[in-house]
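Student: Could you take me through one part of this protein up close, the part annotated as the active site? I'd like to hear how it sits in the fold.

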Amino acid sequence: MPTPPDTASPTGLLLTGGGARAAYQVGVLEAIADLRRTCGAEREPNPFPIITGTSAGAINAAALACGADNFDRAVRRVARVWRNFHAHHVYGADSLSVARSGARWLTLLSLGWALARWRRMRPRSLLDNTPLEHLLTKMVPLVRLPRLLRQGHLKALAVTASSYTTGEHVTFFETQAELQPWVRSQRRAARDRITHEHLLASSAIPFVFPAKAIHMDGRTEFFGDGSMRQSAPIAPAIHLGAERIVVIGAGRMHEPKDPSSTAATPTYPSLAQIAGHALSNIFLDALAVDVERVLRINQTLSLIPPEARVHSALRPIDLLVIAPSQRLDAVAARHVGDLPRPVRAMLGALGVTSNMADVRGAALASYLLFEQGYTRELMELGRADTLAQRDAVCRFFGWHDRGDPVQRREHR
């Protein structure tokens, strides 16, 4: 019989980056909430007293933290947003907005930087994410956070961003505990009051969305997506005291390989393929490496006698990893046509097509497809992948699973 988990030890939640791919996380959270209720544990405290996130995962993390006094309700609120998403909720998707931002980038590609300097064209990003600022004011009521921390519904919230100014990877955290910021090679923590500016900075996909200015250490620094240079995405939750962590990925860990990668006559990659590959490297690869690192440390610690282990700063971390079982690029390829026409035209200039067989070309679109057809399919996949690990999930939380059917809560 398996050893029951130490439910008194702090449990953390890590939500990774990935733009529109973060819809998968919401499906996972819905399934966890439904399982929790099926097992009769809905009256227990917030299952995730420590919540950390990066990029779009930082937005989901903050929204969840702001509802830490009612986990089910918080999940429903986040799910409602993702289930009814459209691109114009996140960035300017009309012809005029795309012309003001994306068209300038295409001009630089076609006419050159010399002409751009002559005309003083200095576009900041491919897309204008001003609509996201308005969405955050409704989706993430950060004004509730200090009270939830004081009342003990939440122990800590942390979001990460990457400083273009210093090159450092910074984890901003808010907690009631007496905790000193940590410093590691090229990454550090900063105790701060989490704001919507932190969320916009953490989710500023490089080149796609503009950098965000944040005042820290007596000066202003410009920050971009926290997935950049993030060598240890699990570390913030551990530093904040989590000994058991649910990690929700957004691709590559359990996905099958792309069949086209073994084609006999490979074709030269388009700009969209290269950009998609680069973004996948930024968003996805570090997590798989860090999970392997934690598992190796756990294995090493298990070989050390308990009396010797007390002299080490390392401690075993119980991980529950849930990641997509299908290629999200392939899912995106089925929904490229859902994007607004101006956005499709702009991405088409980079090589993104509506050809459902063009999985590699859809990789870039998979991060920008804030359309409900795509987000709903990812949410359903997240739910299915979680329920496929039902035994592991219940064992991790110490819930008594009677084997009753999991009833879906209406989230619309």
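Tutor: Let's start with D225, whose place is in strand β8, residues 219-225. Strands here are DSSP runs of E with at least two residues, helices are runs of H or I with at least four, and both are numbered from the N terminus. Keep in mind that this is a predicted model, where local features need pLDDT of at least 70, side-chain atom pairs count only at pLDDT 80 or more, and totals for chains, interfaces and linings use all residues. Residues are numbered from 1 along each chain as its sequence is written, and side-chain values use heavy atoms, with hydrogens and water left out.

D225 has a relative accessibility of 0%, so it counts as buried (buried means under 20% relative accessible area, exposed over 50%, partly exposed in between, with a 1.4 Å probe and protein chains only). Setting aside residues up to four places away in sequence, D225 touches T54, S55, S162, A201, S202, S203, A204, I205, P206 and F283; a contact means heavy atoms within 4.5 Å.

One of those partners, S55, is paired with D225 in the record: an unreviewed UniProt entry lists S55 and D225 for "active site". UniProt positions are given in the numbering used here, feature names are shortened, and such annotations may be inferred rather than shown by experiment. The two are spread over 171 residues of sequence, yet they cluster in space, with a largest C-alpha distance of 5.7 Å. From this set, S55 is in the lining of the largest cavity. A cavity is a set of points, on a 1 Å grid over the protein atoms alone, where a 1.4 Å probe fits but cannot get out, and lining residues have an atom within 4 Å of a point.

As for S55 itself, look in the loop between β2 (50-54) and α2 (56-65). S55 is buried too, because its relative accessible area is 1%. Again leaving out residues up to four places away in sequence, S55 touches G17, G18, G19, S202, S203, D225, S227 and F283. Check that against the D225 contacts and you'll find S202, S203 and F283 there as well.

Now zoom out. The chain has 17 helices and ten strands, and 53% of its 412 residues are buried. Among contacts between residues at least 6 apart in sequence, 77% join residues at least 24 apart, and the S55–D225 pair, spread over 171 residues, gives you a local view of that.

Technical notes:
On a 1 Å grid over the protein atoms alone, a cavity is a set of points where a 1.4 Å probe fits but cannot get out, and a pocket is an open set with protein on both sides within 12 Å along at least five of seven lines; lining residues have an atom within 4 Å of a point.
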